[in-house]
Amino acid sequence: MEKILIVDDSAVQAIQLKAILEDEYDVAIAQTAEEGLRRASSEDFSLILLDVVMPGMDGFTLLKKLQEEIITQSLPVILITSLSDVENEQRGLVLGAVDYISKPFSPLIVKARVNTHIKLYRYRRQVEQQSMTDQLTGVSNRRGYDLYSIMKWNEAIRLKVPFSICMFDIDRFKVYNDTYGHPAGDKVIASVAQTATAYLQRSTDFLARYGGEEFIALSLGDHSAQIFQYMKKIRQAIEDLHIPHDPSVAQWVTVSIGGVTIIPEKDSAYDFYLKVADTMLYDAKKNGRNRVVWTDEHMKQLWEKE
Ligand SMILES: [Mg+2]
């Protein structure tokens, strides 16, 4: 079921709208623009119904903010206005609202407009989805990662749950490519992605090809000790594929894995922890490769094969 967010300070009005739509959609209500913004940037809505007149932040300001955020800028917003208020309608459409609904509501018109915009959004998302998938591996590409990482990071802040950033790459891959050629190298990248994907199946897991032979995995909910164990399994499973490497550097193709688990807060900087994960990967490489090195917000390191 597609999810719709109603942002309206009037509970009566919000409940009326919800009643019209809840047969076909999963409808949530936010009573302030601030709450609406928070939920829109951390949950997977397909449409927002936005009241213009609200105390505190008004609908126009929220609409502007939604347009500025990479995660929410393509979300269709339908404004709720009063019939008499032509000026507001115009202003809303100029600001990027896809449509407006006038009070008092006609259930049929509300439904028809919502259905149309949800259909358009669904189609657009399909196209976007394709553009965010890496052709070789079928996992997310860098573009998909950029979008998803912000969304999940915000979600972790909102839910106050642990968030893990994991970077891994194929050991001595340049040597592999030089020895066996790029088409063979591509097959190795695809096999590694496939194996990692098989372990990252939970709805809270995410895997992207970060570039070349480098991957990035994100996970919500697990503490560092749990995810560390899990990553060791992935590393082992890739070694167990027994893909022959160039014998001068290693018997099998393996990966090094570095990561960090934190419970992010409002002011935490994602990029900082991404660098921490990268540093852990560097440590894994420097200390012999084919191992997992993990840390947490207290910088307490966990080492495989110490
Ligand atoms: Mg209002």
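This passage walks through the domains, the sheet and the helix packing of a predicted model.

A good place to start is the division of the protein into domain 1, residues 3–131, and domain 2, residues 142–303. Taken over C-alpha atoms, the centres of domain 1 and domain 2 are separated by 37 Å. The two domains do meet: six residues of domain 1 are in contact with seven residues of domain 2. On the domain 1 side of this meeting, two residues are nonpolar, three are polar and one is charged.

Attention now turns to the sheet. Six strands make up an open sheet with mixed pairing, arranged in the order E7-E8-E6-E9-E10-E11. Strands E7 (205–211) and E11 (302–303) are found at the edges with a single partner strand each, so one side of each has no neighbour in the sheet. Further in, strand E9 (residues 255–262) pairs with strand E10 (residues 292–296) in the parallel sense, over five bridges. Here Thr261 is placed opposite Asp296 in E10.

Helices complete the picture. Helix H6, residues 142–159, lies across three strands, E6 (163–170), E7 and E8 (214–220), and runs at about 140° to E7. Another packing involves helix H8 (residues 182–199) and helix H9 (residues 224–239), whose axes come within 10 Å and cross at roughly 145°. This crossing of H8 and H9 is right-handed. From H8, the residues Val192, Thr195, Ala196 and Tyr199 meet Lys233, Ile234, Ala237 and Ile238 of H9. By class, the residues of this contact between H8 and H9 comprise six nonpolar, one polar and one charged.

Technical notes. Residues numbered from 1 in each chain as written. Predicted model: local features only at pLDDT ≥ 70, side-chain atom pairs only at ≥ 80, totals over all residues. Pairing = 2+ DSSP bridges. Helix = DSSP H or I, 4+ residues; strand = E, 2+ residues; numbered from the N terminus. Axes fitted to C-alpha atoms, helices over the stretch in contact; angles between N-to-C directions. Left-handed = near helix turned anticlockwise from the far one by under 90°. Nonpolar A, V, L, I, M, F, W, Y, C, P; charged D, E, K, R; others polar. Domains from an automatic or database assignment.
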